[in-house]
Amino acid sequence: MTLALQAHDLIDSFPHLAKRLDKRKSEKLYRHRLARTGPQEAELDIAGARYLSFCSNDYLGLANHPEVVASFAQAAQRYGLGSGGSHMISGHCHAHQALEEELADFMGRDKALLFSNGYMANTGVINALMEPGGLVLQDSLNHASLLDGGWLCRAESQRYPHANLEALEAMLAQSQATHQLIVSDGVFSMDGVAADLAGLSSLAKRHKALLMIDDAHGVGSIGDRGRGLIDSYPDLSQEDVPVLVGTLGKAFGSSGAFVCGDENLIEYLVQFSRPYVYSTAMPPAIAEATRTALRIVQRDPWRRSKVQELVMKFRRGAQGLGLELTDSVSPIQAIILGSSERALAVSEGLRQRGLFVTAIRPPTVPVGTARLRVTFSASHTDEHLHKLLRVLEEVC
């Protein structure tokens, strides 16, 4: 029996699965994957066609940087491919240790801990820190990995209205929980807008809650030093933002994630974060390549400056076209289109004209806010930007 027939039989055997699939298709929410050939760059080869891409998270253009690629190749010769085990057994290599130390120094934190990806980092931290009787309070627009971390942990989980600190304070004041954790994105992944770190930190202190910030889309790509949103708050110390998460698969052009904080936090996670303890460590060649990417992030501030310049030019041009944008100065620029049908139609119109910008629809974003999530990279040129604006004018 073929795999296709097995899958068909599975759906037939469980009618509720078929209903969910049919519903998703009818609501224009069905997702499709497109396989590209070649490296991640500003221009991509997909399904035999060449596209100018504005939907990658490779914000600094490091995913195919020759120094990063060379580091990976050299490390693969030294370490081989896989790590061969978890960090707690035989998988922890010098490359991992060095990267953790360099990330901690870069972020201005005591220590850092590597995870294989951001999803594992977020669920692993929340589950380790929270116990029955506790309360997790999440921004309603947090990334799915954070929301899932709250739902999967043994504490109660609630969501407060997006960026509404008054509502959050009311929830904190009413709580009878034995311990509380406030969780927020730093730069929100679908809007590109930034959280109020000072406000969140003040609330956490006042109500003796722990604060966790996932700045996956900020670290590396924004800030004078590239440390992300925390660079905009020089008065906030490690004690003010005690749990800080970053990713390596976006601005660093690599793969994996890290959590940084004081020594007690990191040692606690080593002991109690199940996704860390029970997962195979990332390939050491990835860690070595990421060390090179980290050096470039610090060495080449022009990359962040270039992205900011492109963002400002895009916002002026898009607003001149009457397009609705979120209030973002990050590399993420969301064009709000409303219905899923319109977002799909505009995305397809761009694709027919050689531009690759995916439509973002519910449940990833709230109903009625389907959008194009335009992202900029240091690999983009002014010519690329002008083409994007010209084609958006034609299609929208």
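## Aromatic pairs

There are 6 aromatic pairs in this structure. Take Tyr-51 and Phe-356: their ring centres lie 6.0 Å apart with the planes at 45°, so this pair counts as tilted. It's a long-range link, too, joining Tyr-51 in strand E3 to Phe-356 in strand E12, 305 residues apart. Both Tyr-51 and Phe-356 are buried. Bear in mind throughout that this is a predicted model.

Elsewhere, ring pairs connect Phe-54, Phe-314 and Phe-376 into a cluster. Another ring has a charge for company: the charged end of Lys-25 sits over the ring of Tyr-30, 5.0 Å from its centre.

## The sheet behind the Tyr-51 pair

Strands E3 and E12, the homes of Tyr-51 and Phe-356, turn up side by side in an open sheet of 4 strands ordered E1-E2-E3-E12. The pairing in this sheet is mixed. Which strands sit at the edges? They are E1 (36-37) and E12 (355-356), and each of them pairs on one side only.

Further in, strand E2 (residues 43-46) and strand E3 (residues 49-53) run antiparallel to each other and share 4 bridges. One residue match to look for here is Ile-46, whose bridge partner in E3 is Ala-49.

## Helix H13

Helix H13 covers residues 340-352, which makes 13 residues. From first C-alpha to last, H13 reaches 18 Å, close to the 18 Å expected at 1.5 Å a residue. Just after the helix, Gly-354 takes a positive phi of about 90°.

Which residues of H13 are buried? They are Ser-340, Ala-343, Val-346, Ser-347, Gly-349 and Leu-350. As a reminder, residues three or four places apart on an α-helix point the same way because there are 3.6 residues a turn. The buried residues of H13 have plenty of partners: they pack against strand E11 (332-338), strand E12, strand E13 (359-360), strand E14 (370-375) and helix H14. Strand E12 is the one that also forms an edge of the open sheet.

## Salt bridges

Side chains of opposite charge can pair when their charged atoms come close. In this model, the count of salt bridges comes to 17. Some of them join up: Glu-67, Arg-299, Asp-300 and Arg-303 are linked in a network. Within that group, Arg-299 bridges to Asp-300 with the closest N and O atoms 3.0 Å apart, and Asp-300 also meets Arg-303, at 3.3 Å from N to O.

Are the members of these two bridges buried or exposed? Arg-299, at 44% relative accessibility, is partly exposed. Asp-300 is buried at 9%, and Arg-303 is buried with a relative accessible area of 9%.

Then there's Lys-313, which forms a salt bridge with Asp-382, the closest N and O atoms being 3.1 Å apart. Lys-313 belongs to helix H12 (residues 302-320) and Asp-382 to helix H14 (residues 382-395), so this bridge ties together parts that are 69 residues apart in sequence. Both ends are partly exposed, Lys-313 at 24% relative accessibility and Asp-382 at 30% relative accessible area. Helix H14 should sound familiar, since the buried residues of H13 pack against H14 as well.

Technical notes:
Residues are numbered from 1 along each chain as its sequence is written. This is a predicted model: local features need pLDDT of at least 70, side-chain atom pairs count only at pLDDT 80 or more; totals for chains, interfaces and linings use all residues. Side-chain values use heavy atoms; hydrogens and water are left out. A salt bridge is a side-chain nitrogen of Lys or Arg within 4 Å of a carboxyl oxygen of Asp or Glu. Buried means under 20% relative accessible area, exposed over 50%, partly exposed in between (1.4 Å probe, protein chains only). Helices (H or I, at least four residues) and strands (E, at least two) are DSSP runs, numbered from the N terminus. Two strands pair if DSSP finds at least two bridges between them. The expected span of a helix is 1.5 Å times one less than its number of residues. Contact means heavy atoms within 4.5 Å. Rings of Phe, Tyr and Trp (its six-membered ring) pair if their centres lie within 6.5 Å; planes under 30 degrees apart count as stacked, over 60 as edge-to-face and the rest as tilted. A charge sits over a ring if NZ of Lys or CZ of Arg is within 6 Å of the ring centre and within 35 degrees of the ring normal.
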